Amino acid sequence: MDKLLLNKITYTDEGHKILYDYSIGDSIQKFFEKKHPFYVKYLSDVSTIPNSIAVIPFLSNILPIAWFAGFDVEIDEVDEDFFYAQEALKKEFGKRKNLKQSLTGNLIVKQRVKNNLRGNKTAMLFSGGVDAYATYIRIYDKKPDLITLLGADIEISDNKQWEEFTNFIENETLLNENRKEYIETNLRDFYTYQVELLLTDIGWWGKVQHGLALIGSLAPLSYKHGYEAIYIASSYTDNIDIDWGSTPEMDEKITWSDGVKVYHDGYELKRQDKVDLIADFSEKTSTKFRLRVCYSENRTEFNCSACEKCFRTILGLILNGKDPNNFGFKVDGGVYNKFYEVLNIGEASKGVRYFWWELMEKAKATSDFYIFENQEEELEQINFIRQGKIDNLLEYKMSNSNKGIKKLKFIFRNKFPGLIKLYRKLR
């Protein structure tokens with residue numbers, strides 16, 4: 001069996017950036033970008049933390065590939081609690097029904113180090129979206145540090161969008177009392193498209209990588225700042241059966257330094273429950289704040305207010321009697337017709353259909369919706385939603401989707417990027 005060997009850990013940028021020098025066996029080189037080895041960079045100097053902690057961000061991204069591809073990872077040392085956590089997490093992934101094969105890769109360590117971190121601070125991963133704000137509101141009294149990663153939802157090279165995002169975080173009045181931390185890491189660029197093919201269907205980031213990768217990136221900061229509790233907001237609920245890389249069963253097995261506790265928050269809440277929570281908090285505290293839900297390339301405003309993700313958040317606010325324009329969107333009474341235009345484009349997933357089903361149920365249960373201009377016309381649109389018009393559309397799209405063609409297109413795009421660029425230029 002081939003292996004990946006971590007040779008050494010070094011620091012640059014005055015101790016802010018951790019570099020990992022690793023050797024890759026011949027048969028597994030196809031999974032890794034040689035020109036883009038994994039790294040992680042923090043706002044402050046983290047060079048004094050133990051190597052057994054500094055290695056955690058690296059392992060949090062490498063290990064899932066090793067498990068699914070079936071190769072070993074060899075390192076000198078790691079935090080003892082994290083070692084046992086990754087073994088438990090591997091077993092959790094192994095329970096999935098649609099695996100191509102059993103998970104065989106292992107972590108081989110010369111020394112397990114018992115670290116003992118003492119701290120009482122709380123941190124949370126914060127994107128500014130519905131899930132993140134719901135968790136933030138639920139732990140508001142803890143005054144959590146807010147941590148965001150460049151390289152996760154926003155590409156490292158996208159300076160414009162990152163500047164807009166950090167300006168939003170720094171200037172949102174509601175967040176004034178919270179310390180902000182930003183991490184830069186190429187966690188989505190150090191591996192090749194071959195990693196996607198380890199799954200029966202594409203979607204490595206969402207289905208496997210992101211939970212452990214995001215949480216593990218906080219290990220050096222937890223040691224430096226004394227985090228005893230780390231929160232990650234749920235994306236889905238236990239009401240929907242979907243392969244996802246972040247669940248309570250997975251995230252809450254992750255730990256290090258003798259008891260750092262990870263909380264997968266809000267799993268009992270539907271997405272609409274979270275929108276309800278946000279609307280209620282805004283009203284009770286007389287606070288206006290913007291929800292950052294959109295990463296569309298076509299976005300020229302804070303949110304594009306014209307994509308599927310924007311629309312379901314907009315409708316959720318309308319059904320709470322709230323003006324979406326007070327929450328970072330820009331819409332009017334014509335928004336209803338645009339729902340169907342956007343939902344007719346592309347494919348539908350089980351998760352998206354479930355979110356819109358929630359909205360249909362919310363529409364049935366409420367009469368207190370926000371009126372833009374014309375109550376009669378807008379009530380008629382709400383009635384269409386109550387009758388399941390959107391759900392019927394998404395059901396049709398799901399039953400007529402072709403995942404095989406989607407996967408073939410993905411492989412072609414990544415295997416022959418030069419041809420794709422030429423085609424687009426000629427077109």
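A residue is called buried when its relative accessible area is under 20%, exposed when it is over 50%, and partly exposed in between (1.4 Å probe, protein chains only). The exercises below concern a predicted model, in which local features need pLDDT of at least 70 and side-chain atom pairs count only at pLDDT 80 or more, while totals for chains, interfaces and linings use all residues. Residues are numbered from 1 along each chain as its sequence is written, and side-chain values use heavy atoms, with hydrogens and water left out.

**Exercise 1. The sheet**

Determine the order of the strands in the open sheet and state which strands stand at its edges.

Solution.
Step 1. Helices (H or I, at least four residues) and strands (E, at least two) are DSSP runs, numbered from the N terminus. Two strands pair if DSSP finds at least two bridges between them.
Step 2. The open sheet consists of 10 strands with mixed pairing, and their order is S5-S4-S1-S2-S3-S8-S7-S6-S9-S10.
Step 3. Strand S5 (107-113) and strand S10 (261-265) each have a single partner strand, so one side of each is left without a neighbour in the sheet.

**Exercise 2. Strands S6, S7, S9 and S10**

Describe how S6 is joined to S7 and to S9, and how S9 is joined to S10.

Solution.
Step 1. Strand S6 (residues 121-125) and strand S7 (residues 145-150) run parallel and are joined by three bridges. Met124 has Leu146 in S7 as its bridge partner.
Step 2. Between S6 and S9 there are four bridges, again in the parallel sense. Here Lys121 stands opposite Tyr227 in S9.
Step 3. S9 and S10 run parallel and share five bridges; Ala233 stands opposite Asp265 in S10.
Step 4. As to covering, six of the seven residues of strand S9 (residues 227-233) are buried.

**Exercise 3. The nonpolar cores**

Identify the residues with the most contacts inside the largest nonpolar core, and the helix that gives the most to this core.

Solution.
Step 1. A nonpolar core is a set of buried Ala, Val, Leu, Ile, Met, Phe, Trp, Tyr and Cys residues joined through side-chain atoms within 4.5 Å.
Step 2. The largest such core has 68 residues, and those with the most contacts inside it are Phe58, Leu59, Ile65, Val73 and Trp256.
Step 3. The helix that gives the most is H2 (residues 56-69), with nine residues.
Step 4. Contact means heavy atoms within 4.5 Å. Apart from its neighbours within four places in sequence, Val73 is in contact with several residues, including Leu4, Leu59, Ile62 and Asn106.
Step 5. A second, separate core has 54 residues, among them Leu174, Leu175, Leu315 and Trp356.

**Exercise 4. Aromatic pairs**

Describe the aromatic pair of Phe32 and Phe71, and then that of Phe339 and Trp356.

Solution.
Step 1. Rings of Phe, Tyr and Trp (its six-membered ring) pair if their centres lie within 6.5 Å; planes under 30 degrees apart count as stacked, over 60 as edge-to-face and the rest as tilted. The count by this rule is 32 aromatic pairs.
Step 2. Phe32 and Phe71 are edge-to-face, at 6.1 Å centre to centre with 75° between the planes.
Step 3. Phe32 lies in the loop between strand S2 (17-24) and strand S3 (39-41), and Phe71 in the loop between H2 and strand S4 (72-79), so the pair ties together parts that are 39 residues apart in sequence. Both residues, Phe32 and Phe71, are buried.
Step 4. Phe339 and Trp356 are also edge-to-face, at 5.7 Å centre to centre with 65° between the planes. Phe339 belongs to helix H11 (residues 335-343) and Trp356 to helix H12 (residues 350-365), 17 residues apart. Phe339 and Trp356 are both buried.

**Exercise 5. Charges over rings**

Name the ring over which the charged end of Lys17 sits, and the ring over which that of Arg292 sits.

Solution.
Step 1. A charge sits over a ring if NZ of Lys or CZ of Arg is within 6 Å of the ring centre and within 35 degrees of the ring normal.
Step 2. For Lys17 the ring is that of Tyr39, with the charged end 4.2 Å from its centre.
Step 3. For Arg292 the ring is that of Phe302, with the charged end 5.3 Å from its centre.

**Exercise 6. Positive phi**

State where Glu14 and Ser286 lie, and whether each is buried or exposed.

Solution.
Step 1. Glu14 has a positive phi of about 55° although it is not a glycine. Glu14 lies in the loop between strand S1 (3-12) and S2 and is exposed, with a relative accessible area of 72%.
Step 2. Ser286 has a positive phi near 50°. Ser286 lies in the loop between helix H9 (271-285) and helix H10 (308-318) and counts as exposed at 68% relative accessibility.
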